[in-house]
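Biologist: Please take me through one part of this model slowly, a single helix and its surroundings, and then set it beside a strand elsewhere in the chain. I would like the cut-offs spelled out as you go.

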Amino acid sequence: MTISDVASLAGVSIATASKALNGRENVREETRQRVIEAAEELRFQPNALAKGLLSGQTRTVGLLTSDSVGRFGIPVLLGAEDAFGAGEMALLLCDARGDAIREQHYIRTLLSRRVDGLIVVGESTNPRPSISRDLPVPVVYAYGPSDDPDDVSFVPDDTGGAKLAVRHLLAMGRRRIAHITGPMHYKAATDRAEGLRIALSEAGVPQVGETLYGAWSQRWGRHAAEVLLAAEPEVDAVFCGSDQIAAGFIETARERGLRVPGDVAVVGYDNWEVLSAETRPALTTVDPDLERLGNTAAQHLFAAIDGRATPGIHTMPCRLVVRDSTAPRGAS
């Protein structure tokens with residue numbers, strides 16, 4: 001069905017039918033109602049592209065990700081999709097897989113489809129090169145911030161998240177707290193280590209040993225546990241920079257006859273429920289709340305499309321999810 005069919009059934013011109021359906025003021029109310037009823041009877045769906053040409057907006061946005069595994073990109077996408085759905089906007093997803101040439105190709109493709117704006121999702125919280133300078137549409141960066149302070153970026157507060165973890169361990173009566181985390185060249189790892197340092201300093205409690213940097217993997221968690229427990233047998237709590245590392249640590253601790261949380265309390269990071277909820281015991285962990293981050297990024301893209309951009313790097317709070325791997329000292 002076309003707008004011509006609607007106009008014919010309502011007994012008006014095509015121009016009047018168009019004005020009525022688009023809410024223009026210079027149409028009598030009884031005429032508008034007649035057109036609306038005709039459109040409903042014919043199940044008429046307005047052409048989105050034609051409406052976009054008239055309004056200057058297509059109600060379509062692009063989401064460009066480099067997180068090919070989807071571990072962090074998918075929660076951000078789900079949060080953004082909720083916001084776009086509520087705003088009746090369509091979302092086009094492109095995965096650049098960390099390839100700069102592929103990314104440029106997708107940017108051209110999305111612009112050719114007349115998207116109103118872009119959300120760029122990073123694969124880590126390390127700053128990434130800005131793509132905003134020469135683009136005709138607003139861009140918001142999520143998880144991985146832009147290196148241009150004039151861009152709009154949203155990242156999890158990893159320093160604050162680490163503070164939550166350490167303060168929880170201190171509240172459980174733990175005083176010999178060690179830290180095992182991912183690669184030193186990841187900003188997430190150094191931010192979490194800094195959060196631990198600040199929380200322990202505020203409590204006047206020294207850190208047990210040096211921070212152990214390695215891979216974001218269970219294998220590293222197992223190996224680091226061997227190193228730590230051999231050097232610091234009196235450790236009573238470990239804050240791990242990821243759930244994978246924490247799961248590996250718990251495996252080795254159990255093999256050495258240690259009770260978790262009785263002898264050693266363990267906190268992870270990311271709340272990756274495939275691991276955190278299934279580990280024995282279930283893992284206390286920091287949740288960066290990436291769906292909320294994605295939803296917030298989408299809301300700010302709406303604002304940028306309307307000319308109300310909010311430049312800068314905005315940090316989003318994390319939350320602590322308490323499960324069975326932490327308890328007061330001495331608990332079984």
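Modeller: Happy to; what follows starts with one helix, moves to a strand, and ends with some backbone details.

This is a predicted model, so local features need pLDDT of at least 70 and side-chain atom pairs count only at pLDDT 80 or more, while totals for chains, interfaces and linings use all residues. Residues are numbered from 1 along each chain as its sequence is written, and side-chain values use heavy atoms, with hydrogens and water left out.

Let us look at helix α6, residues 100-112. Helices (H or I, at least four residues) and strands (E, at least two) are DSSP runs, numbered from the N terminus. The 13 residues of α6, at 1.5 Å a residue, should span 18 Å, and this agrees with the 19 Å between its end C-alpha atoms. That expected span is 1.5 Å times one less than the number of residues.

Which residues of α6 are buried? They are E103, Y106, I107 and L110, where buried means under 20% relative accessible area, exposed over 50%, and partly exposed in between, with a 1.4 Å probe and protein chains only. Seen down the axis of α6, these buried residues fall within an arc of 105°, so they line one face of the helix; the arc is that of the directions from the helix axis to the C-beta atoms. I101, R108 and S112, on the other side of α6, are exposed. The buried residues pack against β1 (60-65), β2 (90-95) and β3 (117-121), with contact meaning heavy atoms within 4.5 Å.

The ends of α6 deserve a look too. At the N-terminal end, D99 acts as the cap, with a side-chain oxygen 2.8 Å from the backbone nitrogen of I101. A polar contact here is a pair of N or O atoms within 3.5 Å; within protein, one must be able to donate a hydrogen and the other to accept it, and residues adjacent in sequence count only if both atoms are side-chain atoms. Just after α6 comes R114, with a positive phi of about 60°. R114 sits in the loop between α6 and β3 and is partly exposed, at a relative accessible area of 39%.

Now for the strand, β6 (residues 177-181), in which five of five residues are buried. In a regular strand the side chains alternate between the two faces of the sheet. In β6 both faces are covered, by I177, H179 and T181 on one side and A178 and I180 on the other. β6 pairs in the parallel sense with β8 (residues 237-240) over four bridges, and I177 has A237 as its bridge partner there. Pairing requires that DSSP finds at least two bridges between two strands. Two bridges also join β6 to β7 (residues 212-213), in parallel, and I180 stands opposite L212. With helix α8 (residues 187-203) in the middle, β6 and β7 make a right-handed β-α-β unit: with the strands pointing away from the viewer, the path from the first strand over the helix to the second runs clockwise.

Finally, the backbone details. Most residues other than glycine have a negative phi, and most peptide bonds are trans. Like R114, with its positive phi, R43 has a positive phi, near 55°. R43 lies in the loop between α3 (29-42) and α4 (48-55) and counts as exposed at 72% relative accessibility. The peptide bond from V260 to P261 is cis, with omega near 10°, and the bond from R280 to P281 is cis with omega near -5°.
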